[in-house]
Amino acid sequence: MTPLEGIQKAAKEFNIPIKDANPNCKSCYGRGYTSINTTTGEPVPCKCIMPDMNETTKRAVEMSARPPRNRKEKRLQAKYAKRNLTKVNLG
Ligand SMILES: [Zn+2]
C-alpha cells in the first residue's frame with residue numbers, strides 16, 4: 001500500500017471526499033502527500049487532495065492512513081473514526 005492509497009482508504013472510512021492529487025502541485029508534486037512522519041510512518045495529506053480539512057479530520061486521516069502497529073493504535077484509530085464520522089460535514 002502506497003502512502004496515497006493509505007490516505008484514500010482512510011478518507012473512505014471516514015466518508016471524506018478527497019480529490020485526485022494534482023500532478024502540478026508545488027507542495028506534493030502529484031504524490032498526494034507532502035511528507036511522511038519518520039517516527040510513525042504517517043503520511044501527511046496534501047491540501048490539493050484535502051482542501052477543506054480541519055485539523056482534527058486531517059489528523060484522523062493521517063493516523064489511519066497506515067496500518068496500526070499495535071492494539072493501542074488500533075483503538076485510537078477506531079476512536080478517531082467514530083468521533084469524526086459524526087463531526088465531518090459531508091456537504
Ligand atoms: Zn498537492
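## The hairpin

A good place to start is the hairpin of strand 1 and strand 2, where six residues lie between the strands and Gly-41 takes a positive phi near 80°. This is a predicted model, so the angles and distances here are computed from it. The two strands run antiparallel to each other and pair over three bridges. Within this pairing, Tyr-33 stands opposite Pro-45 of strand 2.

## Overall layout

Stepping back, the protein chain has three helices and two strands. In sequence order they follow the pattern α-β-β-α-α. The radius of gyration is 12 Å, close to the 12 Å that the globule rule gives for 91 residues, so the protein chain is as compact as a globular protein of that length.

Measured out along its principal axes, the C-alpha trace spans about 40 × 35 × 20 Å. Buried residues account for 32% of the 91 residues in the protein chain. Of the contacts between residues at least 6 apart in sequence, 49% join residues at least 24 apart.

## Helix 1 and its partners

Helix 1 covers residues 3-13, and its buried residues are Leu-4, Gly-6, Ile-7, Gln-8, Ala-10 and Ala-11. What do these buried residues pack against? Their partners are strand 1 (33-36), strand 2 (43-45) and helix 2 (55-64).

Gln-8, which is found in helix 1, deserves a closer look. Is Gln-8 buried or exposed? It is buried, because 21 other C-beta atoms lie within 10 Å, and the cut-off for a buried residue is 20 or more. Gln-8 and Pro-67 are 59 residues apart in sequence, while their C-alpha atoms are 13 Å apart in space.

## The nonpolar core

In soluble globular proteins, nonpolar side chains tend to be buried together. Here, the largest nonpolar core has 18 residues, and the members that touch the most others are Ile-7, Ala-11 and Val-61. Helix 1 and helix 2 each supply at least two residues of this core. Helix 1 gives the most, with four residues.

Which residues does Val-61 contact, leaving aside neighbours within four places in sequence? They are Ile-7, Ala-10, Ala-11, Phe-14, Ile-16 and Pro-45. Among these contacts of Val-61, Ile-7, Ala-10 and Ala-11 are also listed as buried residues of helix 1.

## The loop after helix 1

Two residues to look at on your screen sit in the loop between helix 1 and strand 1: Asn-15 and Tyr-29. Asn-15 comes just after helix 1, and its phi is near 60°, a positive value in a residue other than glycine. Tyr-29 is not a glycine either, yet it has a positive phi of about 55°.

How exposed are they? Asn-15 counts as exposed because it has 11 C-beta neighbours inside 10 Å. Tyr-29 has 13 other C-beta atoms within 10 Å, so it is partly exposed. The cut-off that matters here is 12 or fewer for an exposed residue.

## A look at helix 3

Helix 3 covers residues 71-87, and Arg-75 lies in it. Why does Arg-75 count as exposed? It does so because it has 11 C-beta neighbours inside 10 Å. Arg-75 and Ala-65 are ten residues apart in sequence, and from C-alpha to C-alpha they are 14 Å apart in space.

How values were computed
Residues are numbered from 1 along each chain as its sequence is written. This is a predicted model: local features need pLDDT of at least 70, side-chain atom pairs count only at pLDDT 80 or more; totals for chains, interfaces and linings use all residues. Two residues are in contact if their C-beta atoms, placed from the backbone, lie within 7 Å. A nonpolar core is a set of buried Ala, Val, Leu, Ile, Met, Phe, Trp, Tyr and Cys residues joined through C-beta atoms within 7 Å. The radius of gyration is taken over C-alpha atoms; the globule rule is 2.2 Å times the number of residues to the power 0.38. Two strands pair if DSSP finds at least two bridges between them.
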